[in-house]
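Open the model in a viewer and keep a selection box ready. The stops below go from a pair of strands to the core, then to two helices, and end with the confidence values.

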Amino acid sequence: MKMKKYITIIILCLVIISCKESKKAVTPTEPGQPSVIDVTSLESNTKDVKKYTKTITANELQEMLYIYASDEFEGRDTGEPGQKKAVEYLKNKYKALEVAPGNNGDYFQKVPSTFFRQGSGIKDSENVLAFIEGSEKPEEVLVLSAHLDHVGMDAEGNVFNGADDDGSGTVALLEIAEAFKKAVKDGKGPKRSILFLHVTGEEKGLYGSRYYSENPVYPLANTIADLNIDMIGRNDDAHLEDNNYVYLIGSDKLSTDLHNISSAVNAKFFEINLDYRYNADSDPNRFYYRSDHYNFAKKNIPIIFYFNGVHDDYHQISDTPDKINYPLLEKRTQLVFATAWELANRKDRPVVDKAETSEEK
Ligand SMILES: [Zn+2]
């Protein structure tokens, strides 16, 4: 009688434990999302990822953003003097980091005025490209992108600083480049190549990224994915008190692999709340079509768009660096870095198993 009781208790315990375990492995996500997060599928060295992730700091991000989003850059309007200052700043940063130019010896890729809408008056402008060559599969390229431009100044001369849009993504790319470069110097550089692509003309209609996708420096067939960052420094109204979230858009649209890798990296290293509400095909905001990654998705290259949502300062002169949540910017930058590390180092590139079916043209 007693023995039976014990056995019953032991069985009960086992059932409870196994229930808990399976809960851990399967995290419910939005409808239509693959739900199994398998951290054992990750191939990169845990120690290395953690070591270089830690080099990405809120302080360094803040230091750079206070310069990049200062009045001196005059709102970085495409083709205007402020935008020229911005591209010079980026070029000098990459030089100082000893990260090579990405366009055949040049940091700039000229986007000519003729590429913009006729009559728009937009002058010649440039994308900024920096490149870390892969150690084993240098011909395969992972693109990390963010737009370098913003909307300039108003009639009274007030500067649109664009600290979040997209100063945050810009300095994130610089910090990620620095982390990869440190790894290279330690003999732990990425197996695939990484292109740091700062695009111009986003605010005018995604011009710089479209120009690159139509005039790629590295063959698109060998471009394994694009991780695009546009606004990751703020909290939106839906997450005013939540300092541990980011919206992910597009991760599952072309490649189940990419989505699974992305969620596994997050589960293993960060446990950030990945909010997929804007990933729904029916979402009226249509963010999937509204930043630079879309020009890669159109070419069947899998993408992830990292985004904090909109806020009252969006496209206002009040989008200033003092309003940035730097610890959260650090965390999100680290997530992009660790995801890039896994993609650049794993044996196989993410398989494209879904067709680009968007109706947007
Ligand atoms: Zn933007």
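In which sense do β6 and β9 pair, and over how many bridges? β6 and β9 run parallel and pair over four bridges; strands count as paired if DSSP finds at least two bridges between them. Helices (H or I, at least four residues) and strands (E, at least two) are DSSP runs, numbered from the N terminus.

This is a predicted model, in which local features need pLDDT of at least 70, side-chain atom pairs count only at pLDDT 80 or more, and totals for chains, interfaces and linings use all residues. Residues are numbered from 1 along each chain as its sequence is written.

**Stop 1: strand β9**

Select residues 303-307, which form β9. Five of the five residues are buried, so the strand is largely enclosed by the rest of the structure. Buried means 20 or more other C-beta atoms within 10 Å of the residue's own, exposed means 12 or fewer, and partly exposed lies in between; C-beta atoms are placed from the backbone. Ile303, Phe305 and Phe307 are on one side of β9, with Ile304 and Tyr306 on the other. Add Asp226, which stands opposite Ile303. Then add β7 (residues 245-249), which pairs with β9 in the antiparallel sense over three bridges. Within this part of the tour, Tyr247 has Phe307 of β9 as its bridge partner.

**Stop 2: Thr223**

Go to β6 (residues 223-229) and pick Thr223. Is Thr223 buried or exposed? Thr223 counts as buried because it has 22 C-beta neighbours inside 10 Å. Leaving out residues up to four places away in sequence, Thr223 touches Val141, Val143, Tyr218 and Ile301; a contact requires C-beta atoms, placed from the backbone, within 7 Å. For a distance check, the C-alpha atoms of Thr223 and Asn300 are 9.9 Å apart, with their positions 77 residues apart along the chain.

**Stop 3: the core**

Select Leu142, Leu144, Ile176 and Ala340, the residues with the most contacts inside the largest nonpolar core, which has 86 residues. Such a core is a set of buried Ala, Val, Leu, Ile, Met, Phe, Trp, Tyr and Cys residues joined through C-beta atoms within 7 Å. Beyond residues up to four places away, the contacts of Leu144 include Leu173, Ile194, Phe196 and Leu227.

**Stop 4: helices α2 and α3**

Select residues 46-53 for α2 and colour its buried residues, Val49, Tyr52 and Thr53. They cover an arc of only 105° around the axis, which puts them on the same side of α2; the arc is that of the directions from the helix axis to the C-beta atoms. Lys47 and Lys50 are exposed on the other side. The cover over the buried residues of α2 includes α5 (163-185), α8 (256-269) and α10 (326-345).

Next take α3 (residues 58-68), whose buried residues are Leu61, Leu65 and Tyr68. Their arc is only 60° around the axis, which puts them on the same side of α3. Asn59 and Glu63 are exposed on the face turned away from that side. The buried residues of α3 pack against α4 (81-97), α5 and α10.

**Stop 5: confidence**

Colour by pLDDT, the predictor's confidence in each residue, from 0 to 100. The protein chain averages 92, and 89% of the residues score at least 70. Over residues 19-29 the pLDDT is below 50, and this stretch has eight contacts in the model beyond near neighbours in sequence. Where pLDDT is low, the predicted coordinates should not be read in detail.

Methods:
Two residues are in contact if their C-beta atoms, placed from the backbone, lie within 7 Å.
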